[in-house]
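Thanks for sharing this one; here are a few friendly notes to read alongside the model. I have kept them as numbered points so that you can check each against the coordinates.

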Amino acid sequence: MTDFAALKADISARMDKAADALKRDFASLRTGRASPALLDSIVVDAYGEQMRIDQLGSINVPEPRLLSISVWDKSMVKAIEKAITESNMGLNPSNDGTLIRLPIPPITEERRTELVKAAGKFTENARIAVRNLRREAMDSVKAWEKGKQISKDELERFEAEIQKITDSAVKTMDDALAHKETEIKQV
């Protein structure tokens, strides 16, 4: 027996996760505005393991072009500064004991172009993930038809529904890319 509703729900949920992953990737792209998500990809050698900055202090945005990190353990300030400096994000931290300030410099036009390309690569990777999910689902329904569990008409209807879900997921990603490109290009 086939359960197309369960298959549909599964691929929809997995495609939504791919779109969410794309949004997280976009959050790590620096757009000239301060955002705590800029620091998500930076890990610090702390207490014998790799930790994210938000696990070592609280991150705030006091001004549009400034991030501040209130470090909970003073001994970690130098390690956090080192990790930020080595991240190649173009950020220069300064501290006054337990507070690290990160001024966000304006982005050059060349860097904006690089960021748009990076956003495009993130989007293409997400599209590939969605297409792979579509192929998985199509293979499943074709196997059902081959095993005489569904008719040829049902196969065509199921394939059309799967394609509709895929098109919707890709459109969501394309819209997110367009929004991110606008945000990056905004001076």
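1. Let me begin with the hairpin: β3 and β4 are joined by one, and two residues make the connection. Please keep in mind throughout that this is a predicted model.

2. The two strands of that hairpin, β3 (residues 57-63) and β4 (residues 66-71), run antiparallel, with five bridges between them. If you want one position to look at, try Ser58, whose bridge partner in β4 is Ser70.

3. Now to the charged side chains. How many salt bridges are there in the model? The count comes to 13. The points below take up some of these.

4. One salt bridge is formed by Glu161 and Lys8, whose closest N and O atoms are 2.9 Å apart. This pair links distant parts of the chain, since Glu161 belongs to helix α4 (residues 152-185) and Lys8 to helix α1 (residues 4-27), with 153 residues separating them. Are these two side chains buried or exposed? Neither extreme applies: Glu161 is partly exposed at 23% relative accessibility, and Lys8 is partly exposed too, with a relative accessible area of 30%. Glu161 does not count as buried because that class requires a value under 20%.

5. Helix α1 also takes part in a salt bridge between Arg14 and Glu136. Here the closest N and O atoms lie 3.2 Å from each other. Again distant parts of the chain are linked: Glu136 sits in helix α3 (residues 109-146), Arg14 in helix α1, and they are 122 residues apart. Both partners are partly exposed, Glu136 at 39% relative accessibility and Arg14 with a relative accessible area of 31%.

6. Which residue does Asp54 pair with in a salt bridge? The partner is Arg52, and the closest N and O atoms of the two are 2.9 Å apart. Asp54 is partly exposed, its relative accessible area being 31%, and Arg52 is likewise partly exposed at 36% relative accessibility.

7. Finally, do take a look at the four residues Glu124, Arg127, Arg131 and Asp174, which a network of salt bridges links together. As general background, side chains of opposite charge can pair when their charged atoms come close.

8. To pull the inter-helix points together: helix α1 is linked to helix α4 through Lys8 and Glu161, and to helix α3 through Arg14 and Glu136. I would enjoy hearing how you read these contacts.

Methods. Residues numbered from 1 in each chain as written. Predicted model: local features only at pLDDT ≥ 70, side-chain atom pairs only at ≥ 80, totals over all residues. Heavy atoms only, no water. Helix = DSSP H or I, 4+ residues; strand = E, 2+ residues; numbered from the N terminus. Buried < 20%, exposed > 50% of the residue type's maximum accessible area, 1.4 Å probe, protein only. Pairing = 2+ DSSP bridges.
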